[in-house]
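I am opening the notebook on this structure. My plan is to go element by element and write down what I find.

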Amino acid sequence: MGLSLSRRLPVYLALVAASLLAACGRPPAPPAPEKVVPLSEQAEVVPGPPGQAGALFVTTQPGDINTLNPLISEDGPSTAAISRFMEGLTRLDPESGAIIPNLARAWSISEDGLSYTFDLREGLAWSDGEPFTAADVVFTWEEALYSKEVDAAGQPVVDEKTGRPKLKFPSRPAFFHLVEGEQVRAEALGEYRVRFTLPQRYAPFLLFAGGQDILPRHILKPHVDKGTLLDAWSINTGIKNPRELVGMGAFLLESYRPGERIVFRRNPNYWKRDSAGNRLPYVERIITRIVGDSNASNVAFARGLTDAESIQADNVTWISRAAERFDFDIHDLGPSSSTSFVWFNLQPGNNPEGRPYLPEHKRRWFSDRRFRQAVSYATNRQGIVDGVFAGRASPLHGYVSPKNANWFNPDVRRYPYDLDRARDLLAEAGFVRRGDRLQDSAGNPVEFSLMTNNNSNLRTEMATVFAEDMAALGIRVELQFIDFNTIIRRTSESFDYEACLLGLGGGAPDPYSSKDILMSDGRLHFWSPSQTSPQTKWEARIDELMRQVGRELDETKRRAAFFEVQDILAEEQPMIFLVTANEYVGVRRRWQNVQPKPLGGVFWNFESFWARPE
Amino acid sequence: MLAFLLRRLLTLVPLLLGVTLLAFLLMWLAPGDFLTPMKMQRDIPADLIQQLEADFGLNRPWYVQYGYWLGNVLQLNLGYSWSFKVPVSDLIGSRLFSTFLLSLTSTLFAWVVAIPLGVLAAIYKDSIFDRVSSFLAYAALSIPEFFLALLAVWFAAVTGWFPVGGATSIEYDYLSAGGQFVDRLYHLILPTLVLGIGGVAGLMRVMRANFLDTIRAEYVQTARAKGVPEGVVMFKHVLRNALNPLISAFGFSFSGLLSGALIVEIVMNYPGLGNLIYQALLREDQFVVLASIMLSCVMLVLGNLVADLCLAWSDPRIRLENQE
């Protein structure tokens with residue numbers, strides 16, 4: 001070996017060793033004494049046989065968190081992490097979907113529907129032992145969400161466009177909770193009572209506001225005063241100072257290593273107990289490893305490395321082969337709340353260059369209801385279920401997935417696969433078959449392009465099956481698999497497209513959360529968004545019904561209105577619904593108290609999960 | 001010497017301007033921006049998107065946005081990540097160490113293995129060892145890194161001998177300092193091999209060729225003629241002279257120290273800068289992208305500078321002061 005090299009080698013090795021050692025921190029300091037407040041009288045009692053505390057729960061998560069601040073969280077991983085330590089006033093019953101008590105034990109609504117009074121559970125404590133009171137709720141709404149921007153003279157700044165005061169911390173929840181652009185007021189009526197006053201009747205308020213995470217005033221107030229609320233609780237907090245992340249959730253953040261893992265520890269001050277009087281949760285620690293994508297995450301579970309995993313429909317078959325070896329069950333939760341659909345561009349008018357958005361004859365086809373219905377009849381939904389999802393999906397006939405049982409209208413008009421009816425409808429609308437091609441009455445061959453985003457295998461495969469189905473009618477479909485951002489621009493700005501296949505996630509389980517999709521002035525009214533006045537009678541009727549859904553407090557009347565919306569959509573077929581993937585969750589069998597529910601999924605009672613330590 | 005250093009550092013200015021301008025322009029030309037995905041979410045009101053557009057300056061012409069960014073950079077403020085809501089410098093800082101460590105071990109691995117192999121191949125030219133090592137080197141050079149990384153992940157998953165991704169084990173925080181050291185090393189083995197193997201092959205070929213060139217030089221013949229022992233000739237005369245071009249190669253490898261591991265990090269799920277930059281690119285989180293591009297640019301220039309300085313140090317014929 002060379003002289004010079006052999007002289008340098010130890011230096012190199014020392015360098016590596018030194019940098020490695022520098023990375024090895026001290027073992028974590030023994031946790032500072034914690035303030036543990038005795039269980040309140042009003043603690044929630046979770047029924048069922050008591051379990052054994054102390055187990056370790058290991059999971060993986062595709063993708064790293066971006067933030068731990070519930071006001072700015074956008075992505076799935078961040079939201080999942082935040083939901084471990086944050087809770088709202090109410091939650092949803094895992095079986096019926098009804099709104100049930102959470103941090104609030106009861107509530108009442110005034111006669112006029114404008115004021116909501118919540119009674120909080122008394123004697124609860126934040127994870128650091130500080131008392132949880134109405135002041136926290138009022139802080140969350142009045143200060144965290146709706147602090148006003150003030151100028152140098154202390155005067156509120158007014159937004160030029162809307163004419164309303166500008167928010168100091170513009171956040172997604174703040175805008176989300178506005179009622180027709182107006183703020184909801186919150187005030188404390190005593191230590192454990194809060195009253196919300198609405199500017200007008202707003203039916204989804206209870207659901208939406210009940211789901212709002214309540215923020216700890218004693219921690220975040222300084223950030224509000226300094227104007228740094230949206231920068232608070234960043235990943236830096238998680239890395240350097242996890243104890244600042246104080247919540248009412250069952251767990252609290254113990255440590256976070258970017259790109260590697262998140263560790264949660266049980267909240268010693270949690271406010272639920274089991275039937276024997278033991279404080280929940282049973283799980284002592286949750287270790288979540290961060291992996292590259294959901295496939296890597298699925299693989300980790302299939303190799304027995306993790307305790308539970310949400311499994312994609314197309315991965316179920318091969319993962320289930322390892323079920324006996326690693327001792328897990330895969331729970332089939334049935335249809336998910338996500339939907340997939342095709343729609344045609346119905347945007348009227350011309351683009352800025354003065355040309356129509358799409359050729360006149362194509363607009364004529366697309367705006368003919370019979371054409372859309374024929375396409376729907378010719379769509380082989382079961383073929384998509386079998387061919388794309390290997391049977392692990394359900395055909396979708398209307399706007400609402402059957403999962404959302406409360407709002408699902410089972411009697412909408414259906415379009416079972418029926419080429420004869422499709423051909424009849426096309427003939428009625430003046431289309432003629434010449435050879436293997438379909439032509440309209442003017443002799444134009446019927447063909448259109450269908451775009452979908454190129455980074456979703458399931459969507460590109462669905463589009464391919466759809467195109468083959470159309471070929472059976474003599475319609476030629478040109479497939480375009482393109483970048484998602486381009487699709488958004490084409491469907492919402494340039495309207496330079498003919499048909500598009502996309503999907504929607506669940507969204508909040510209230511029909512009013514669909515108002516931007518279903519109402520004609522909505523930003524996401526896919527086939528022709530942001531209309532100044534409804535183009536068609538049926539769209540006008542949907543607008544009217546949706547306004548009713550927004551204002552009517554009576555559940556039965558709301559449901560009737562929303563059922564009619566679904567009927568109109570099924571009749572008119574502006575969106576041709578395809579399928580909804582089924583949901584699968586795998587859990588190791590050593591976990592006890594696992595009670596999957598179609599609505600609540602597997603983890604609705606995670607605080608009751610327990611296992612004998614391995 | 002000082003003038004040379006200054007001149008080199010000054011060339012950085014137009015280079016950085018050009019590179020960031022190009023990156024900015026490309027991001028602006030790409031469809032959509034950071035806020036576009038929000039437009040497809042039903043519970044985000046249009047008002048919020050408009051306000052964020054104004055706050056982020058996305059509604060202004062690109063050159064105005066670039067100007068603002070440049071102004072901030074001149075004040076040593078690299079900006080703010082839109083998706084993480086933390087300063088870019090913090091974000092990169094938190095991931096820098098892992099990437100740096102991996103680059104260091106893989107460079108070290110490449111050099112320590114390649115130089116002796118190259119020397120041996122040259123000394124025993126045309127022997128069976130030379131043939132086999134050449135063959136393996138060409139094979140290693142022709143396998144793309146990402147494929148090797150995939151193979152490594154598969155190997156780790158099938159045998160269970162190595163961890164599948166990550167830089168530390170779950171129990172890392174509860175280990176002693178020695179245990180933590182070993183744990184880190186254990187996680188570094190596979191990524192180091194994958195990242196280093198291409199380097200081994202390349203360096204070894206260069207080393208062999210240089211060594212052969214130098215063996216034929218006249219002063220080597222002179223040394224032999226005057227009776228210097230063969231070992232001394234080889235290591236004292238030939239090796240020292242043959243190493244010079246490798247020092248320039250070191251400069252280049254320095255530039256890749258932070259960015260070179262990008263693909264391997266993503267495939268092997270190693271928590272370094274690579275994943276961060278990749279995600280930032282996908283999401284068009286502008287300032288993170290720009291900062292990381294600047295970082296690799298600076299590293300490239302610094303790497304070349306260091307290589308030149310090393311050359312001057314190892315070869316007395318080179319005088320930096322006289323360079324024009």
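**Helix α13 and its surroundings**

I began just past the end of α13(A), where A:Gly430 follows the helix with a positive phi, near 95°. I am working with a predicted model, and I keep that in mind throughout.

Next I went back into the helix itself. Which residues of α13(A) are buried? I found A:Ala422, A:Leu425 and A:Leu426 buried within α13(A), which spans residues 419-428 of chain A. They lie on the same side of α13(A), because the arc they cover around the axis is only 100°.

I then looked at what this buried side meets. The buried residues of α13(A) pack against α11 (369-378) and β18 (437-439) of chain A. On the face turned away from the buried side I noted two exposed residues, A:Asp420 and A:Glu428.

**The five-stranded sheet**

I moved on to a sheet in chain A. I traced an open sheet of 5 strands, in the order β20-β19-β21-β15-β22, and its pairing is mixed. Which strands stand at the edges? I placed β20 and β22 (575-577) of chain A there; each has a single partner strand, so one side of each is left without a neighbour in the sheet. I also checked the twist. On average, neighbouring strands of this sheet are turned by 30° against each other, direction ignored.

I took the pairings around β19(A) one at a time. Toward β20(A) (residues 476-482), β19(A) (residues 447-453) runs parallel, and 7 bridges join the two. Within this pairing, I saw A:Glu447 opposite A:Arg476 of β20(A). I followed the chain between these strands: it leaves β19(A), passes through helix α14 (residues 457-471) of chain A and arrives at β20(A). This β-α-β crossover is right-handed.

Then I turned to the pairing with β21(A) (residues 499-504). β19(A) and β21(A) are also parallel, over 2 bridges. I checked A:Leu450 and found its bridge partner in β21(A) to be A:Ala499.

**Chain B**

Last, I surveyed chain B. How many helices and strands does chain B have? I counted 13 helices and 0 strands. Read from the N terminus, its elements are therefore a run of α after α.

For its extent, I took the C-alpha atoms along the principal axes: they fill a box of roughly 85 × 55 × 40 Å. Of the 324 residues of chain B, 33% count as buried. I also looked at contacts in chain B between residues at least 6 apart in sequence; 74% of these join residues at least 24 apart.

Conventions. Residues numbered from 1 in each chain as written. Chains lettered and ligands numbered in written order. Predicted model: local features only at pLDDT ≥ 70, side-chain atom pairs only at ≥ 80, totals over all residues. Pairing = 2+ DSSP bridges. Helix = DSSP H or I, 4+ residues; strand = E, 2+ residues; numbered from the N terminus. Right-handed = clockwise from strand over helix to strand, strands pointing away. Buried ≥ 20, exposed ≤ 12 C-beta atoms within 10 Å, placed from the backbone. Contact = placed C-beta atoms within 7 Å. Arc of directions from axis to C-beta. Axes fitted to C-alpha atoms, helices over the stretch in contact; angles between N-to-C directions.
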